[in-house]
Amino acid sequence: MHGDSDVPALAPLSRIQQRLIQSAGEIVQEDAASILYQHTVFCQTAMPYRDPGDHARVWERVNGHTHLKIIAGEAMHPEEGRLVALGLPFGPKPRLILSHLNAEALRTGSPEIKIGASLTAFVKRLRLDPKGRNMRLIKDQLACLSASSIRLGLLRDGRAITFNSHIVTAFDLWFPKDDRQRVLWPSTVRLSLDYFDSLTRHAVPLDERAIAGLSHSALGLDLYCWLAQRLHRVDPAKPAFIPWTALRDQFGWHYGRLRKFREVFCLTLDSVLTQYRDARVILDGRGLTLQNSPPPVRRRLSVVPKAPSPQGKLQSSAKFSTATLGR
């Protein structure tokens, strides 16, 4: 008979594991109460996963009939009195920020977003640290995202659609000199009207709890968003097969060895499927088979534009319905 000392101790769950388990349990129990949105182009192509370095000024990805090009921008430095270069947005943070900005804009029906309190509350709902270094990283990535110019290209129903603009048209996002000072958010951020208009027609709804569970992983967020916009569009009578080489081109272009990419992809997909239980996919040695599946969010937000106000500001209303937003 073995004593208690002979029983191997279980390693405590990491914070990431705890977050995944908690969000998965909540998703199983009830429908989404809070919905985020991502533009369909960002569901099919990706921003950089890692810091591409100060020398990288252009990021470009093509996936099928979707083309994304991001050009790093500049911003006025309050102390130097000149425009200085900012880097490209990368990692999970700009993906989280953009889904929040999209949701706020669609919820209110306006491209002008009151960001201060809402972004801090959003970070708390994702169970991330709402202060210190984490918030500075989020603000830094918000600045890079705001300064960058975005070019989106879509082929849809025989039409070629091109969008050239900044996502955010104006911002004030510089850090205080003293790192001990509180990170202050701008009171508002304004999305460009071109991007806002495109978003109202090409938004993909996402479960905020799943985004919270996957908030540590840029690849996990991209896989979840991709499946959310793709699976419900698969022909029920004709599953879609994607070979490993195509998966690496889309999600693992930075991996030199296919074997290593497959290992990382399999582990990440396992995490994603805990957050999207209705996803019907088959992964084998040849690649990934997608089968028709219900979307992770059935309830969607309809944005109904109104006529311009006498002051010339865009007005619109938003309401929940079962109708899908254009994708």
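1. In this note, a residue is called buried when its relative accessible area is under 20%. The model under discussion is predicted. By that criterion, W244 and F261 are both buried, and F265 is buried as well.

2. The ring centres of W244 and F261 lie 6.1 Å apart with the ring planes at 85°, so this pair is edge-to-face; the class applies to planes over 60 degrees apart. The contact joins distant parts of the chain, since W244 belongs to helix 9 (residues 244-251) and F261 to helix 10 (residues 258-275), with the two positions 17 residues apart in numbering.

3. F261 has a further aromatic partner in F265. Here the geometry is tilted, with 5.5 Å from centre to centre and 50° between the planes. Both residues are located in helix 10, 4 residues apart, or about one turn of the helix.

4. These contacts belong to a wider arrangement. Ring pairs connect W226, W244, F251, Y255, F261 and F265 into a cluster. Over the whole structure, the search returns 9 aromatic pairs.

5. How do helix 3 and helix 6 cross, and what is the distance between their axes? The axes of helix 3 (residues 92-108) and helix 6 (residues 193-201) come within 11 Å and cross at roughly 80°. Angles of 65 to 115 degrees count as roughly perpendicular, and the two helices are therefore roughly perpendicular to each other.

6. The residues that make this helix contact can be listed for each side. Helix 3 contributes L98, N102, A105 and L106, which meet Y195, F196, L199 and T200 of helix 6. Classified by residue type, the contact comprises 6 nonpolar and 2 polar residues, with no charged residues.

7. Turning to the strands, an open sheet is formed by 4 strands in the order 2-3-7-8, with antiparallel pairing. Its edges are strand 2 (58-63) and strand 8 (159-166), each of which pairs on one side only. From one strand to the next, the twist averages 10°.

8. At one edge of the sheet, strand 2 pairs with strand 3 (residues 66-71) in the antiparallel sense, over 6 bridges. Which residue of strand 3 is the bridge partner of R61? The partner is L68.

9. For inspection of the model, three regions are covered above: the aromatic cluster that includes W244, F261 and F265, the roughly perpendicular contact of helix 3 with helix 6, and the open antiparallel sheet with strand order 2-3-7-8.

Definitions and conventions. Residues numbered from 1 in each chain as written. Predicted model: local features only at pLDDT ≥ 70, side-chain atom pairs only at ≥ 80, totals over all residues. Heavy atoms only, no water. Pairing = 2+ DSSP bridges. Axes fitted to C-alpha atoms, helices over the stretch in contact; angles between N-to-C directions. Parallel < 35°, antiparallel > 145°, perpendicular 65-115°, else oblique. Contact = heavy atoms within 4.5 Å. Nonpolar A, V, L, I, M, F, W, Y, C, P; charged D, E, K, R; others polar. Phe/Tyr/Trp six-rings, centres within 6.5 Å; stacked < 30°, edge-to-face > 60°. Buried < 20%, exposed > 50% of the residue type's maximum accessible area, 1.4 Å probe, protein only.
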